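Colleague: Please take one part of this model and go through it closely. I would like to look at the disulfides: what they join, and whether their cysteines are buried or exposed.

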Amino acid sequence: QNYWKHLSSPFRTMAVMAFRVITTLLLAAIWSSHADMYLNSPRGSNNKLREQSNNVQNANRLFDSQNNAASGYQIGDDCKPACKDGNNNYDVTVEGATKGTMKFYQGSELYIEWHHQHGCGVGHPNLRCQIVLQYMTENDNPNLRDGTDQDSAGGDDDDPTEEETAEVARGYHEPYDFYQTCIERERNKGLFTADQQIEENGGATSTRQNPNGNGRRRGQQRHGLECPEERDYYPYWHPTPWHDIAVLTEEPQERCEYYRTESQNVKAKGYCTLPQYNNPDACSANNGEWKEQAAFEEPPPECTGGISSRDNHNGNVRNGQPHYYMWKIPEFLTGRVVLRIRYNITTKDFDYGSLANPVEEGAQLSGMKADPFFMDAKFNDPNPNNRR
């Protein structure tokens with residue numbers, strides 16, 4: 001399994017139009033490592049909505065935004081003519097306030113631009129990385145929305161409720177059932193978790209990046225209705241509402257075929273009718289039925305090498321411009337859409353010849369020895385959280 005640190009950026013609601021239909025884009029930015037990614041175009045939210053100060057008020061409103069609190073863009077307005085009171089001051093109660101959306105035509109090209117601080121791109125000397133662009137539509141969540149206040153998606157308690165999820169003032173990206181299935185399902189215990197003490201009662205909300213899990217079992221704050229395991233690993237092995245647009249990697253020759261064939265755009269993903277079980281054997285042994293959610297039946301994501309950028313430089317990349325991707329909006333895409341950009345990185349500390357993966361005389365170069373991308377639970381610290 002891969003062992004990426006994960007970063008991602010959802011943007012606001014957007015709408016797509018084609019002289020026929022409009023798609024509204026909801027922009028978001030999500031990440032799970034303590035890293036920095038800034039989605040500039042379309043305007044990434046960083047969980048902001050209508051704060052009166054520059055800092056985000058609720059960094060867990062829709063997703064886990066571990067970014068600089070001052071980053072991100074406020075939501076737009078749709079007042080006619082302006083969202084002002086009689087004293088010419090901004091008035092959130094005016095019709096259309098916080099209801100602005102970006103509108104784009106089907107078949108048009110959407111310029112997606114971002115900065116990331118910790119480097120990526122072909123030939124990077126210090127790390128491996130992937131930048132993943134994805135979207136979700138009203139077909140995946142019919143109530144997809146930005147929301148109009150800063151309360152968290154799903155409700156204010158550790159556990160989401162259907163009643164609070166349905167409150168239209170709250171933002172809503174991942175469906176309620178998606179989160180419930182995530183916290184009920186056993187986490188993937190084949191993953192590399194290093195020296196992290198993973199909370200076993202958090203289901204798939206417990207990951208290397210989110211070791212304490214969240215929800216009722218730990219009293220930990222949720223990040224909207226996102227599933228940390230799905231957020232932290234790509235491509236994911238269970239059904240997800242996120243459709244793949246593109247993957248940019250520093251190793252296109254080695255990775256692109258894998259990313260394209262494992263994408264849910266083209267490959268069905270399995271699940272158990274008893275949601276706590278995460279594989280066919282455990283499912284059937286406990287009288288569950290293993291089923292598959294059909295592929296989206298869309299083209300596989302474009303996969304290509306990313307433009308190189310250096311470490312600790314939250315600015316332009318090698319071509320002298322910001323990092324960008326030009327997305328041709330599919331003709332079949334209509335209605336409200338949310339876009340997400342994910343930034344997954346890992347250092348090259350585990351390359352062959354490193355302290356963690358030393359050269360062994362006569363060793364067969366296969367598996368982890370040949371490719372640290374496949375580092376798994378066999379390399380976990382047997383005594384996590386005990387520093388030596």
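Modeller: A residue is called buried when its relative accessible area is under 20%. Cys227 has a relative accessible area of 0%, so it counts as buried. The model is predicted, and the values below are computed from it.

The bonding partner of Cys227 is Cys182, with a distance of 2.1 Å from S to S. That separation qualifies because a pair of cysteine sulfur atoms within 2.5 Å is taken as a disulfide. The torsion about the S-S bond of Cys182 and Cys227 is about 75 degrees, which means that this disulfide is right-handed. It links distant parts of the chain: Cys182 belongs to helix α2 (residues 176-184), while Cys227 sits in the loop between α2 and α3 (228-232), and the two cysteines are 45 residues apart. Cys182 is also buried, because its relative accessible area is 0%.

By the distance rule the count comes to five disulfides. Counting the bonded cysteines along the chain, the pattern is 1-2, 3-4, 5-6, 7-10, 8-9. Besides the pair already described, two others can be placed in detail.

One of them is formed by Cys256 and Cys303, whose sulfur atoms are 2.1 Å apart. Here the torsion about the S-S bond is about -75 degrees, so the disulfide is left-handed. Cys256 lies in helix α4 (residues 252-262) and Cys303 in strand β10 (residues 302-305), so this bond ties together parts of the chain that are 47 residues apart in sequence. Cys256 and Cys303 are both buried.

The other is the disulfide between Cys272 and Cys283, again with 2.1 Å between the sulfur atoms. Its S-S torsion is about 80 degrees, and the disulfide is therefore right-handed. Cys272 is in strand β8 (residues 269-272) and Cys283 in helix α5 (residues 280-285); the pair links distant parts of the chain, 11 residues apart. Cys272 is buried, and Cys283 is buried too.

To put the three pairs side by side: Cys182 and Cys227 form a right-handed disulfide, Cys256 and Cys303 a left-handed one, and Cys272 and Cys283 a right-handed one. As for where the bonds attach, the Cys182 to Cys227 bond runs from helix α2 to a loop, the Cys256 to Cys303 bond from helix α4 to strand β10, and the Cys272 to Cys283 bond from strand β8 to helix α5.

Key. Residues are numbered from 1 along each chain as its sequence is written. This is a predicted model: local features need pLDDT of at least 70, side-chain atom pairs count only at pLDDT 80 or more; totals for chains, interfaces and linings use all residues. Side-chain values use heavy atoms; hydrogens and water are left out. Helices (H or I, at least four residues) and strands (E, at least two) are DSSP runs, numbered from the N terminus. Buried means under 20% relative accessible area, exposed over 50%, partly exposed in between (1.4 Å probe, protein chains only).
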